[in-house]
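Student: I should like a close look at a single part of this structure, followed outward to what surrounds it. Please give one connected account.

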Amino acid sequence: MLKGHRSWALVGVVAALALVGAGCGDDEEDSGGGGTSSSEESSGGGTIKIGFLSDCEGAFGSFFEPTISGANTALIKFAGAKPAGEKPSDGVTGAKIAGKDVEIVSYGCADDTADKAIEETRRLMEQEDADVMIGPLSGDEGIAVANYAKEHPDQTFVNGIAGAQDATLKVQAPNFFRFHPDGAQWSAGLGDYAYNDLGWKTAAIIGDDYSFPYTSLSGFVAEFCAIGGNVSKRIWAPLGEEDYSSYISQIPDNVDGLYVGIGGAGLINFVKQYQEQKGRVDTERMLGNVFWDDPLVLKEVGKSLVGGATAAMTAADSDEPAVKTYLKDLEDAYGKEIAGLGPSVFTYGYYTGMTALIKGLEAVNGDVSDQKKLQEALAGVTLSGEEAPWGDVKLDDNRQAISDVYVKKIVKDANGDGVPDVQTFRRIPEVDQTFNGVFSPDTPAPDRTNPKCVKGEPPPWVGNAEEVDFSSK
Amino acid sequence: MNPTVSTGRLAWPVLAVVVLLAALAPLIVEDFFLNVILTKALWLGVAAASLIFLAAYGGMVSLAQVGLYGVAGMTYANLVLADGGSAAAWNPWLALIGALVVATLVGLGFGWIAARSEGIYFLMITLAFSVLVFYFFSQVTTLSGFGGVNNVQLPGLLGSPEEDPLPRYFVTLVVAVGVFLLLSGLSRTAFGLGLQGVRDEPARMRALGFDVTLHRTLAFGIAAFIAGVAGVLSVWYNRRITPGSINLAQTIDILIIAVIGGLYRLEGAWVGALAYALIDNYSREWVPEVGSVLGPARFNTLIGVVFLVIVLLSPGGIVGIWDGVRASLRERRPSIRGGGASVEGT
């Protein structure tokens, strides 16, 4: 009897649990339905629902608000939206594209793992019923979302700022668009600079041991080796490493230079330990990837990096009026602190992505019922002027951006804030993803040993870089 | 709450009702809920069940289960057709068997080492194993691909889950029920009872002639097999596996699921997994904004708070709460106990 009693009591509890579960499903259906009908009433022509995906946890969690600020500012500027609160994640109101209401269904939060990115994508697209999505933020996530896109041809995805090469070059989903250069493209111009300006013949590279640094450093290897340089040693430290001393001691002495692809907090540790071990950071024989002129890195260890060169798709010191307008728009919407991160590739990538999405939606009159048309329109979208203040953007056949990249030097502080400044000295025009055929859908993906260091026909921008000087004007 | 020796019969009516409800769920809920909550809860439950089996019957709280399911998941993903990894293009069923064999062998080998330690040392050594598996697959990119192994081929039986999630849901359900029956049945066999003896009085069991280390090693191997099942189910669910899928955060998540559900009862695995999946998904919209302390982006904080509350109020988890209620009911109404005795006497 006791046993019997126990079982029936358990039946009750489990049934209750199951009902709670089912109830949640129903609730969700109700609220989702309610949201749609009310907005349909207000516009009469249906609402365009946009899902937004970035990271609020993990290594890039601190970029959550900046990435949203980029996307929202595009909506404010090109779709008549207004910020709904002080924080970017408070959302926007009143956005309209081609006369239709635009709603950000939710600001999705992943944690730089592919699994969580896909779960959030599912939540945005399947539970919140978004028509199109902008995101994600980080390399592995981008590859996963591109694969998800391939399985859902009736939905459209615009990348946020995920920089892994594979997402466009290998996956080739016809409905996944990236309106910014990938990680390898961000390194364009540095191989040329090292070989022809600094006179390096051999170089070593050091980076974090995961997909983004592989891509990022591969751009340097491809260009430097094509011209005739030799990469004699590749050193990889696990991501999140705190003690770089054993990796620093692996850096050979018989090379002309070193390309550093260590990111974020790791870079700060690396620079400090390099200084302790070698006396000083010999920046005259050093290049850094996109993280070197990150505001946080400059603040912490910038003084040690003065003299080093780096490259990326933005240039903080640019005096182009379009850049100034972009930064002012950000500041008007979200204040100085957020606008200070405007030149960060994270904010800018989401800004150009959302801008392109708005242009694509305008071209099809906001019609998201047949997304084949939207995808055709997006493939033809080009950005210029205030739409892409740091240089025009167009897409190649893999729906990957061809755009300008800037080579910059870290110089002594001139504006008196105690933090070293960035001086841009070269614009690399129209950098494309393939580096003149070094990368193609059939070549091995960048990893610890690929691409191989081979001499060949250099990418078209070598020798065609344009010298720029923003400080003299 | 102390674990008890399981000698009682299985609560068949309960199981029948739960399975019936689960089988009818697709009629009530939409595809999204079926996928992201129910299917996920079922496979997470299998992973947590492998941990609970060890903890409840063997007294071994193992953090190695995610490492073991990572081994199985990676093995499966590499053996079938996929983007990245070695893409050996085996038949998915053959790959399934291969993955389970590899996970079980690795588990036995590892169990043989870990079974000699106890308590906090056992916890640490199993944690080290999970971390080792994570770093192995992060570093050996020939196996984990660039950005993980994507678009993993599924057995034909599952159809195309993107279009119709039902077959995958039912397969996962059947497997979960099978795992539950297998583990609870096993706990009632001579082996299971011996294991519980080893848990409570290893010295006495040794004196009785039991090979304690062998017993614990075998239990670890069985749990590794179950973890392997969870690993393959996770790949079927995600259609991809990356080193990030089996990192330290996931190791902790599985432990949290087991503790929330109830570390001393197998049912707790699925109760905890369901609770976890619900909180994971819906807290991203429901949680009110409280300064910068709480908000939809603070999902981990919420799980942490739930975890703390459970540990403090009911060490037996959600299932333990029910046990507590039942115990106090029984005390208040002693007549039931008398009735029970008479029925048992007849």
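Is A98(A) buried, exposed or partly exposed, and how many other C-beta atoms lie within 10 Å?

Tutor: The model is a predicted one. A98(A) is partly exposed, because 16 other C-beta atoms lie within 10 Å, and a residue needs 20 or more to count as buried. A98(A) sits in the loop between β4 (96–97) and β5 (100–110) of chain A. Although A98(A) is not a glycine, its phi is positive, about 50°. Most residues other than glycine have a negative phi.

One residue that touches this loop is L361(A), in helix α13 (residues 345–363) of chain A. Leaving aside neighbours within four places in sequence, L361(A) is in contact with A98(A), and also with I48(A), I97(A), G366(A) and L374(A). L361(A) counts as buried, because it has 25 C-beta neighbours inside 10 Å. The C-alpha atoms of L361(A) and V132(A) lie 10.0 Å apart in space, although the two residues are 229 apart in sequence.

The backbone of chain A has further features of interest in its loops. The peptide bond from G135(A) to P136(A) is cis, with omega near 5°. P136(A) belongs to the loop between β6 (132–134) and α4 of chain A. A second cis peptide bond runs from N450(A) to P451(A), with omega near 0°. The loop that holds P451(A) lies between β16 (421–431) and β17 (466–467) of chain A. Most peptide bonds are trans.

The domain assignment places these details in a wider frame. In chain A, domain 1 comprises 45–181 + 319–399, and domain 2 comprises 185–312 + 404–467. The C-alpha centres of the two domains of chain A are 28 Å apart. Across their boundary, 18 residues of domain 1 of chain A are in contact with 18 residues of domain 2 of chain A. On the domain 1 side, α4 (139–151) and α5 (166–169) of chain A each supply at least two of the residues that touch domain 2. The largest share of that side, three residues, comes from α5(A). By class, the domain 1 side of chain A has seven nonpolar, seven polar and four charged residues.

Helix α7 (residues 190–197) of chain A is largely enclosed by the rest of the structure, because six of its eight residues are buried. The buried residues of α7(A) are L190(A), G191(A), D192(A), Y193(A), A194(A) and Y195(A). Their cover includes the helix α8 (211–227) and the strands β9 (202–208), β11 (257–261), β12 (286–288), β13 (309–312) and β15 (401–411) of chain A. After α7(A) comes G199(A), with a positive phi near 75°.

Chain B offers a counterpart to A98(A) in R239(B). R239(B) is not a glycine, and its phi is positive, near 60°. R239(B) lies in the loop between α10 (212–238) and α11 (248–261) of chain B. R239(B) counts as buried, because it has 21 C-beta neighbours inside 10 Å, whereas A98(A) is partly exposed.

Chain B as a whole has 15 helices and zero strands. Buried residues make up 51% of its 346 residues. Among contacts in chain B between residues at least 6 apart in sequence, 76% join residues at least 24 apart.

Two helix pairs illustrate the packing in chain B. Helix α2 (residues 31–58) and helix α12 (residues 267–286) of chain B pack at an angle of about 135°, with their axes 7 Å apart. That angle makes α2(B) oblique to α12(B). The crossing of α2(B) and α12(B) is right-handed. Residues that make the contact include V36(B), L44(B) and I52(B) of α2(B), and W270(B), L274(B) and L278(B) of α12(B). By class, the contact of α2(B) with α12(B) has 14 nonpolar, four polar and one charged residues.

Helix α12(B) also packs with helix α14 (residues 317–332) of chain B, at an angle of about 115° and with axes 7 Å apart. That contact joins E267(B), G268(B), V271(B), G272(B) and A275(B) of α12(B) to G317(B), I318(B) and V319(B) of α14(B). The residues of the contact of α12(B) with α14(B) divide into four nonpolar, three polar and one charged.

How values were computed
Residues are numbered from 1 along each chain as its sequence is written. Chains are lettered from A and ligands numbered from 1 in the order in which they are written. This is a predicted model: local features need pLDDT of at least 70, side-chain atom pairs count only at pLDDT 80 or more; totals for chains, interfaces and linings use all residues. Domain bounds come from an automatic or database domain assignment. Two residues are in contact if their C-beta atoms, placed from the backbone, lie within 7 Å. Helices (H or I, at least four residues) and strands (E, at least two) are DSSP runs, numbered from the N terminus. Ala, Val, Leu, Ile, Met, Phe, Trp, Tyr, Cys and Pro count as nonpolar, Asp, Glu, Lys and Arg as charged, and the others, Gly among them, as polar. A residue is buried if 20 or more other C-beta atoms lie within 10 Å of its own, exposed if 12 or fewer, and partly exposed in between; C-beta atoms are placed from the backbone. Axes are lines fitted to C-alpha atoms, for helices over the stretch in contact, and angles run from 0 to 180 degrees between N-to-C directions. Angles under 35 degrees count as roughly parallel, over 145 as roughly antiparallel, 65 to 115 as roughly perpendicular and the rest as oblique. A crossing is left-handed if the near helix is turned anticlockwise from the far one by less than a right angle, and right-handed if clockwise.
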